[in-house]
Each structure stands twice: as structure tokens, then as C-alpha cells.
Amino acid sequence: MIVEAYDTKKEVYFKFDGIEKAVISPQKSDQPASPAPDNQGRMAVMIGMDDQVGDPNIIQLPTNAIKTTEKEFSKLQEAMRKDPNAFAQSMVAAQAASQGRPAPKIDIRIGPQPVINNPIELPEKK
């Protein structure tokens, strides 16, 4: 376990705060979400959030998880990068069909991708 981490200039500093006991929370009602009246029939859909079967306080694999291989995952990842809108629409449509409800219309636009930067840079060794 990492208790404390910081860069050489101490500009970025992480410190362990503590451990909390995971407590099973009461189940949420199974009422379907309805769109807000002033939202022209549209509603926000959080992919992966609306289908929680277990307790959100407990870290575990979803009961309906699908096993995959690295090759299959890479293929899906490439399809998502090529056309994120079509990828998201197919996911939402499949989820809606499995729950017996109409698929919401979505439109995803991807802007420039962020630069991945590790804030804790190790000093160069000579």
C-alpha cells in the first residue's frame, strides 16, 4: 500500500487518508427513470450505471459481465475509436432492448484527446 507519494519539488503530493468499511446499502427502487418534463422527452443515460445489480459500495465484477480475450477487446476498442457515435448508439440500443424500453437518441462528438501526463516524474539517472 502506498501511504505517501510526492514529486522531487513537492508540487504534487498524495497522502493516504484512511480506510472505510464497506457497508451494504439498501436497494434502490426498481422504478424506471423518466425524462424531465422540460427536457423535450430526452433523458441522460449513464452507460454502466443504470444496470447495477449489486451494491455500489462493494467493489465486485458485475453479475452480467462478459468474458473476453485481449484480441476481442482490442477489436471493440478500435471500433469505438473509429466511430464513437455508432458504438455508443449500439450499446444503448442493446441495453434498452434487453430491458424492454425504447432506445434514447444520442449524439457523441469527440474533440481533441487529452495528453497523458504522469505528474510524478522520476529524476533522470546518469
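**Exercises on a predicted model**

With a relative accessible area of 37%, Tyr-6 counts as partly exposed, a class that lies between buried (under 20%) and exposed (over 50%), as judged with a 1.4 Å probe and protein chains only. The model is predicted, and local features need pLDDT of at least 70, side-chain atom pairs count only at pLDDT 80 or more, while totals for chains, interfaces and linings use all residues. Residues are numbered from 1 along each chain as its sequence is written, and side-chain values use heavy atoms, with hydrogens and water left out.

**Exercise 1.** Determine how the elements of the chain are arranged from the N terminus on, and what share of the residues is buried.

*Solution.* Begin by listing the elements: the chain holds two helices and two strands, which are DSSP runs numbered from the N terminus (helices H or I, at least four residues; strands E, at least two). Next, read them in order from the N terminus, which gives β-β-α-α. Finally, turn to burial, where buried residues account for 7% of the 126 residues in the chain.

**Exercise 2.** Find the aromatic pair of the structure, and explain why it is classed as stacked, tilted or edge-to-face.

*Solution.* Start with a search of the whole structure, which turns up one aromatic pair. The partners are Tyr-6 and Tyr-13, whose ring centres are 5.7 Å apart and whose planes meet at 20°, so the pair is stacked. The rule behind this is that rings of Phe, Tyr and Trp (its six-membered ring) pair with centres within 6.5 Å, and that planes under 30 degrees apart are stacked, those over 60 edge-to-face and the rest tilted. As a last step, consider accessibility: Tyr-13, at 42% relative accessible area, is partly exposed, and Tyr-6, at 37%, is also partly exposed.

**Exercise 3.** Describe where Lys-10 is found in the chain, what is notable about its phi, and which ring it lies over.

*Solution.* First, place Lys-10 in the loop between E1 and strand E2 (13-15). Second, look at the backbone, where phi of Lys-10 is near 55°, a positive value in a residue other than glycine. Third, follow the side chain, since Lys-10 lies over the face of Tyr-6, at 4.7 Å from the ring centre (NZ of Lys or CZ of Arg must be within 6 Å of that centre and within 35 degrees of the ring normal). Lastly, Lys-10 has 53% relative accessibility and therefore counts as exposed.

**Exercise 4.** Decide where Met-1 lies relative to strand E1, and whether Met-1 is buried or exposed.

*Solution.* Locate Met-1 in the segment that comes before strand E1 (4-6). Then check its relative accessible area, which is 76%, so Met-1 is exposed.
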